[in-house]
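Trainee: I've got a fresh model up on the screen and some time to go through it. Mind if I fire questions at you while we look?

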Amino acid sequence: MIAIIKYNAGNIRSVQNALIRLGYESIITDNPEEIKLADKVIFPGVGEASSAMQYLKERNLDELIISLKQPVLGICLGLQLMCTSSEEGNTKCLGIFDACTKQFPPKEKVPHMGWNNFSELKSSELFTNIAVEDDVYYVHGYYAEVSKNTLATCDYILPFSTVMKQDNFYAMQFHPEKSAAIGEKLLENFLNL
């Protein structure tokens with residue numbers, strides 16, 4: 001069973017629809033017991049960091065997420081909330097990844113929106129049949145700095161972490177559910193871990 005964490009952030013239904021297209025059933029839940037019993041957990045999000053963290057804390061989901069032992073996938077805001085902190089609302093985050101989330105400098109169009117490829121891919125089972133030149137879809141005004149947890153980078157204004165990993169925790173800055181066949185392959189690779 002796949003649990004999609006329900007919290008104060010958007011894009012949850014589009015993630016569930018992507019899983020349905022891949023032939024997987026999932027539940028959208030904020031019930032700690034259901035999340036703990038899931039084989040895989042997806043932590044998606046479109047929204048603002050401080051209000052999202054407040055929602056998680058009010059329901060003790062922040063502590064629950066950190067304690068999970070099964071594979072967990074953060075998407076977009078989910079990746080940013082897995083970092084130590086975010087400049088968005090000066091927010092203390094979950095601290096799974098040893099990196100800060102920062103606002104893009106206004107040198108180019110912000111938010112970074114549209115298709116972009118990877119700059120670098122490290123070796124990982126997550127990238128089976130994925131290449132550096134593959135494009136994925138982004139919508140974000142904040143980015144996670146490159147750190148020891150970085151599995152893949154992208155360049156927009158500057159290099160940033162677009163895929164991160166720490167133990168059983170994985171995260172993607174882009175939206176795999178909106179990234180056509182490449183995004184579906186990345187989701188499938190995660191679900192096959």
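Trainee: Let's start with L186. Which helix is its place in?

Mentor: Keep in mind that we're looking at a predicted model here. Scroll towards the end of the numbering, to the helix that runs over residues 180–191. L186 has its place in that one, helix α6.

Trainee: Is L186 buried or exposed?

Mentor: Look at what packs around it: leaving aside neighbours within four places in sequence, L186 is in contact with F118, L126, F127, I130, V136, M172 and F174. The cut-off for buried is under 20% relative accessible area. L186 comes in at 0%, so it counts as buried.

Trainee: And what distance separates the C-alpha atoms of L186 and N129?

Mentor: Along the chain the two are 57 residues apart. L186 sits in helix α6, while N129 lies in the loop between β9 (120–121) and β10 (135–140). In space, their C-alpha atoms are separated by 8.8 Å.

Trainee: Staying with N129, what is its phi near?

Mentor: N129 is an exposed loop residue, at 64% relative accessibility. Its phi is positive, and this is a residue other than glycine. The value is near 60 degrees.

Trainee: Which loop holds D167, another one with a positive phi?

Mentor: D167 has phi near 55 degrees, again in a residue other than glycine. D167 is exposed as well, with a relative accessible area of 55%. For its place, go to the end of β13 (158–166) and carry on: it's the loop between β13 and β14.

Trainee: Where is the cis peptide bond?

Mentor: Check the loop between β7 (100–103) and β8 (112–117), where P111 lies. Omega there is near 15 degrees, and the bond is cis. It's the one from V110 to P111.

Trainee: Which residues does UniProt list for "active site"?

Mentor: The record is an unreviewed entry, so treat the label as an annotation that may be inferred rather than shown by experiment. It lists three residues for that feature: C76, H175 and E177.

Trainee: Why do we say they gather at one spot?

Mentor: In sequence they span 102 residues. Yet they gather at one spot, because no two of their C-alpha atoms are more than 10.8 Å apart.

Trainee: Which residues does C76 touch, not counting those up to four places away in sequence?

Mentor: Find C76 in the loop between β4 (72–75) and α5 (77–81). C76 is buried, with a relative accessible area of 5%. One of its contacts is itself on the UniProt list, namely H175. The full set is G45, V139, M172, Q173, F174 and H175.

Trainee: What about E177: buried or exposed?

Mentor: E177 is found in the loop between β14 (169–172) and α6 (180–191). Leaving aside neighbours within four places in sequence, E177 is in contact with N11, S14, V15, A18, R21, I75 and L187. Its relative accessible area is 8%, so E177 is buried.

Trainee: Over to T29. Which strand is it in?

Mentor: T29 is buried, with a relative accessible area of 4%. Beyond its neighbours within four places in sequence, T29 is in contact with A3, I4, I5, K6, E34 and I35. The strand covers residues 26–29, and it's β2.

Trainee: Which residues does the glutamine amidotransferase domain annotation cover?

Mentor: This one comes from UniProt too, from an unreviewed entry. The span is 27% helix and 31% strand, and its end C-alpha atoms lie 21 Å apart. The annotation covers residues 7–191.

Trainee: Zooming out, what radius of gyration does the chain have?

Mentor: The C-alpha trace spans about 45 × 40 × 25 Å along its principal axes. A compact globule of 193 residues would have a radius of gyration near 16 Å. The chain agrees with that, at 15 Å.

Trainee: Last one: what share of the contacts with a separation of 6 or more comes from residues 24 or more positions apart?

Mentor: The chain comes to six helices and 14 strands, and 53% of its 193 residues count as buried. We've met one pair brought together over such a separation, since C76 touches V139. For the chain, the share is 69%.

How values were computed: Residues numbered from 1 in each chain as written. Predicted model: local features only at pLDDT ≥ 70, side-chain atom pairs only at ≥ 80, totals over all residues. Heavy atoms only, no water. Helix = DSSP H or I, 4+ residues; strand = E, 2+ residues; numbered from the N terminus. Rg over C-alpha atoms; globule rule 2.2 N^0.38 Å. Buried < 20%, exposed > 50% of the residue type's maximum accessible area, 1.4 Å probe, protein only. Contact = heavy atoms within 4.5 Å.
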